[in-house]
Amino acid sequence: MQIGVIGLGRMGGNIARRLMKAGHRCVVFDASPTPREALAKEGALPAESLTGLVLGITERPRAIWLMLPAGPITEQTVEGLAELLAPDDIIIDGGNSFYKDDIRRAKRLAERRIRYVDCGTSGGVWGLERGYCMMIGGPQEVVSHLDPIFAALAPGLGDTPRTPGHGDNISKAELGHIHAGPAGAGHFVKMVHNGIEYGLMQAYAEGFDILRNKQSSELPADERFTLNIADIAEVWRRGSVVSSWLLDLGAAALAKDPQLAAFSGEVQDSGGGRWTIESAIEEAVPTNVLSAALYARFRSRQQHSFGEKMLSAMRLGFGGHVEQHHPEAAHDDVEKS
């Protein structure tokens with residue numbers, strides 16, 4: 001298929017690359033010429049404007065994937081495309097928009113007969129290699145039409161063991177993408193995914209903080225242990241019930257820098273975590289852990305602990321998120337959690 005990709009940051013650029021590796025043809029646009037030129041050298045057709053991108057897509061109906069930060073820039077781009085596209089063309093928002101915005105956009109675009117799909121996309125900076133987990137909202141016929149795109153971006157079965165009880169037929173969920181429901185459902189599922197991620201990361205952060213502080217002078221001398229935190233993270237990766245990709249990323253950061261001295265401990269949050277708590281309130285669902293994890297990030301901006309440096313290290317690992325005051329350059333990626 002031919003597809004347009006708008007927003008060529010860490011995730012958007014790699015989405016275009018993975019699609020091209022699978023044989024799809026990409027027309028690409030970014031406000032910065034640098035990523036456009038880089039992808040042009042790899043086989044993409046670069047565009048210098050939204051108009052140029054739309055004109056560059058010759059296959060009908062046109063399909064355009066947005067990989068932009070949630071908020072005004074996505075809103076403005078959707079509005080700009082609505083003026084340029086024809087009936088039956090498709091806009092896919094692969095960023096982290098608020099699901100209620102998706103519902104509103106889908107209704108407004110439907111008045112022009114432009115079709116809208118929201119795709120919660122997880123995989124961070126590793127998606128090019130590992131593939132992306134996708135949670136998709138929109139009309140069934142449109143999602144089915146885009147299936148070759150989702151199949152190319154998804155991880156596939158890979159070496160992940162199949163879940164017992166699934167039977168002989170391999171579902172799309174097992175391949176790494178689902179049609180979650182109508183407009184907004186994809187980003188709603190991704191939003192809750194991000195909220196859960198907060199809780200998991202906070203549990204690791206607090207646990208490693210307890211381990212590190214076992215050498216505290218406030219403890220009796222015979223109860224103080226100087227523990228090798230990097231080794232503990234490594235051994236937990238192997239056969240432990242708390243093993244996970246997040247732990248893998250934390251272990252890698254500790255192996256490189258056991259004191260996590262490069263991290264400030266000031267941890268940012270995204271809309272996803274906040275929106276998950278808001279939805280829980282609307283549904284009267286208690287979310288003790290997820291709420292506490294969000295508030296811990298707020299507190300981290302006032303004082304910092306080793307545990308919060310661990311949070312920063314995991315965020316850098318999966319999404320390239322560089323926290324404020326970190327020595328590396330500022331991030332411009334999309335998957336923020």
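Is R113 buried or exposed? In this predicted model, R113 has a relative accessibility of 52% and therefore counts as exposed, since the cut-off is over 50%. R113 sits in the loop between α5 and β6. Its backbone is notable for a phi near 65 degrees, a positive value in a residue other than glycine.

A positive phi also occurs at L260, which is not a glycine either. The value there is about 50 degrees. L260 belongs to the loop between α12 (245-256) and α13. L260 has a relative accessible area of 0%, so it is buried. Leaving aside residues up to four places away in sequence, L260 touches A253, L254, F306, K309, M310 and A313. From L260 to G272 there are 12 residues in sequence, and the two C-alpha atoms lie 26 Å apart in space. A further backbone feature is the cis peptide bond from R60 to P61, with omega near -5 degrees. P61 is placed in the loop between α3 (50-56) and β4 (63-66).

Helix α5 precedes the loop that holds R113. It covers residues 99-110, 12 residues in total. The distance from its first C-alpha to its last is 17 Å, close to the 16 Å expected at 1.5 Å a residue. Its buried residues are Y99, D102, R105, A106 and L109. These residues cover an arc of only 110 degrees around the axis, so they lie on the same side of α5. The elements they pack against are α4 (72-82), β5 (90-93), β6 (115-122), α10 (185-212) and α13 (271-283).

Two of these partners, α10 and α13, also meet each other. Their axes come within 8 Å and cross at roughly 105 degrees. That angle falls in the range 65 to 115 degrees, so α10 is roughly perpendicular to α13. On the α10 side, the contact involves F188, M191, V192, N194, G195 and Y198. On the α13 side, it involves G272, G273, W275, T276, S279 and E283. By class, five of the residues in this contact are nonpolar, six are polar and one is charged.

Helix α10 also packs on helix α14 (residues 288-300). Here the axes are 8 Å apart and the angle is about 70 degrees. The two helices are therefore roughly perpendicular to each other. From α10, the contact draws on G195, I196, Y198, G199, M201 and Q202. From α14, V289, L290, A293, L294, A296 and R297 take part. The residues of this contact divide into eight nonpolar, three polar and one charged. G195 and Y198 of α10 appear in the contact with α13 and in the contact with α14.

Helix α14 has 13 residues, which should span 18 Å at 1.5 Å a residue. Its end C-alpha atoms are 18 Å apart, in agreement with that expectation. The buried residues of α14 are L290, S291, A293, L294, A296, R297 and S300. Among the elements that cover them are α10, α13 and α15.

Helix α15 (residues 306-319) contains E308. E308 has a relative accessible area of 4%, under the 20% limit, and so is buried. Its contacts beyond four places in sequence are G265, V267, A296, R299, S300 and Q303. Of these, A296 and S300 are among the buried residues of α14. F306, K309, M310 and A313 are among the residues that L260 touches.

A further buried site lies in strand β7 (residues 133-137), which holds M134. M134 counts as buried because its relative accessibility is 1%. Which residues does M134 touch, not counting those up to four places away in sequence? The contacts are W65, C119, G120, T121, F150, L153, A154, G176, H177 and I178. Between M134 and A151, which are 17 residues apart along the chain, the C-alpha separation is 9.8 Å.

Definitions and conventions. Residues numbered from 1 in each chain as written. Predicted model: local features only at pLDDT ≥ 70, side-chain atom pairs only at ≥ 80, totals over all residues. Heavy atoms only, no water. Helix = DSSP H or I, 4+ residues; strand = E, 2+ residues; numbered from the N terminus. Expected span 1.5 Å × (residues − 1). Buried < 20%, exposed > 50% of the residue type's maximum accessible area, 1.4 Å probe, protein only. Arc of directions from axis to C-beta. Contact = heavy atoms within 4.5 Å. Axes fitted to C-alpha atoms, helices over the stretch in contact; angles between N-to-C directions. Parallel < 35°, antiparallel > 145°, perpendicular 65-115°, else oblique. Nonpolar A, V, L, I, M, F, W, Y, C, P; charged D, E, K, R; others polar.
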